[in-house]
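User: I'm new to reading protein models. Could you walk me through a few features, step by step?

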Amino acid sequence: MVKLGNSDIYISPMTIGCWPFGGGDYWGEQSQQDVNNVVSAALDMGVNTFDNAEVYNNGESERSLGIALQGKRDKAVVISKVSPSNCRNVRQHCINSLQRLGMDYLDVYMLHWPINLLSVKHFTSNEQIIESPPTIEEAYQQLAELKKEGLIRSIGMSNFGRKQMEEVVATGVQVDVNELTYNIVSRAIEAEIVPYCMEHKIGIIGSMGLMQGLLAGIYQTAGDVPKHQAHSRHFANFRGAETSRHNEDGCEKELFEVVNQLRKIAGDLNIHIAQLAIAWILKKPFMASTLVSSRNIDELKMNIEACSMEIPDEIEALIDEISLPVLHLLGNSPDFYEHRAKSRIF
């Protein structure tokens, strides 16, 4: 277990990503029985951390997790997030999440994205909120009050860049964690975000550990990736279900060269490519935990096994090297869905 920032909360190296829970358009149907089985087995196997958000499947993910944790709440670390458009009344949205979860408190409550025009527009069409969004000071003062009330144990942020973290730290509110995309082909946080977090004892939970299945080796080409999942800057602009809003060229050739090399390395080590991807993340000393979704018990067991795998230093260095072309092409912008010139993360 890893201590989260300056809090008294200890989290497992793997965090269960709960976005698929409850079923929805993005991930498709999800059986509640499978959710119950995964959550119960995860706790039995030492994985105690579950990541959710009010926006996931319109609250159904929170409801599903709450059902699965009935009678087991004291064993779990439950994370949820409030949308930046809802920060006028953080308390009410926290209470709404707690009601859906059927819980009295959250272990970690995060602001899901920084508060800026582009970010807020993704969560609301309300012109009044878009024109006059809440401030970081407003949001984090309310989060601090929730912590005093005992409705939350720890305060976090998600998808915050260096400058945005500085603004939060300037409020004087203790923030224990920043959750951002981090995987072998998404290494943008290494340049500025990781050093700042380490300096200020802010834990890092990496999301998209398997790059939505890409690093599990289930796709042979970019054309195999479902259109609604091919809209990050890794992929050509035309690849998404609709023309991707990032308007960049992507790096598909380099991306699949990395995947193919990872398959060979994993084969030589006699492990699954997904396990290699997870083990590489957890070898990084700055990572508190990696967020991985597990839709069923078989996936869960394989992913948990990876958490105790120690890949050799030379393998870590080799993966660092082979993934550099993707890092160089994508640059150090951690927002993989907007053009780097208008990132929501800075």
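Analyst: Let's go through empty spaces, cysteines, a helix and a few single residues.

Analyst: First, the ground rules: this is a predicted model, where local features need pLDDT of at least 70, side-chain atom pairs count only at pLDDT 80 or more, and totals for chains, interfaces and linings use all residues. Residues are numbered from 1 along each chain as its sequence is written, and side-chain values use heavy atoms, with hydrogens and water left out.

User: Okay, how many cavities of 30 Å³ or more are there?

Analyst: General idea to begin with: rolling a probe the size of a water molecule over the atoms shows where empty space is left. A cavity is a set of points on a 1 Å grid over the protein atoms alone where a 1.4 Å probe fits but cannot get out, and lining residues have an atom within 4 Å of a point. Points are joined across faces, edges and corners, and the volume is the space filled by probe spheres set on them. Here the count is 2 cavities of 30 Å³ or more. The largest holds about 60 Å³, and the second largest about 30 Å³.

User: Which residues line the largest cavity?

Analyst: They are Met208, Met211, Gln212, Leu214, Tyr219, Val225, Gln229, Phe235 and Tyr337. We sort them by class: Ala, Val, Leu, Ile, Met, Phe, Trp, Tyr, Cys and Pro are nonpolar, Asp, Glu, Lys and Arg are charged, and the others, Gly among them, are polar. That gives 7 nonpolar, 2 polar and no charged residues in this lining. For the second largest cavity, the split is 7 nonpolar, 3 polar and 1 charged, and its lining includes Arg187, Ser323 and Phe336.

User: And what is a pocket?

Analyst: A pocket is an open set of points, with protein on both sides within 12 Å along at least five of seven lines. The second largest pocket here has about 170 Å³ of space. Strand E1 (2-3), helix H8 (193-199) and strand E9 (203-207) each give its lining at least two residues; helices (H or I, at least four residues) and strands (E, at least two) are DSSP runs, numbered from the N terminus. Among the lining residues are Val2, Cys197 and Phe286, and the classes come to 8 nonpolar, 2 polar and 2 charged.

User: How many disulfides does the search find?

Analyst: A disulfide is a covalent bond between the sulfur atoms of two cysteines. The rule used is a pair of cysteine sulfur atoms within 2.5 Å, and the whole structure has 0. Take Cys18: its closest cysteine sulfur, in Cys307, is 15 Å away, too far for a bond. Cys87 has the sulfur of Cys94 as its closest, at 12 Å, again too far for a bond.

User: Is Cys18 buried or exposed?

Analyst: Buried means under 20% relative accessible area, exposed over 50%, and partly exposed in between (1.4 Å probe, protein chains only). Cys18 has 1%, so it counts as buried. Cys87 is buried too, with 1%.

User: Which residues of helix H2 are buried?

Analyst: In H2 (residues 60-68), they are Ser61, Glu62, Ser64, Leu65, Gly66 and Ala68. For reading such lists, remember that an α-helix has 3.6 residues a turn, so residues three or four places apart point the same way. The cover over the buried residues of H2 includes helix H1 (32-44), strand E4 (49-51), strand E5 (77-82) and helix H3 (90-101); contact means heavy atoms within 4.5 Å.

User: Now a single residue. Where does Asn159 lie?

Analyst: Asn159 is in the loop between strand E7 (152-158) and helix H7 (162-169), and at 8% relative accessibility it is buried. Not counting residues up to four places away in sequence, Asn159 touches residues including Trp113, Asn178 and Ile345. A polar atom of its side chain lies 3.1 Å from the backbone oxygen of His112.

User: What joins the side chains of Glu190 and Tyr182?

Analyst: A polar contact of 2.6 Å does. That term means a pair of N or O atoms within 3.5 Å; within protein, one must be able to donate a hydrogen and the other to accept it, and residues adjacent in sequence count only if both atoms are side-chain atoms. Glu190 is partly exposed, at 23%, and sits in the loop between strand E8 (177-181) and H8. Pro195, in helix H8, is partly exposed at 40% and touches Ile189 and Glu190, leaving out residues up to four places away in sequence.
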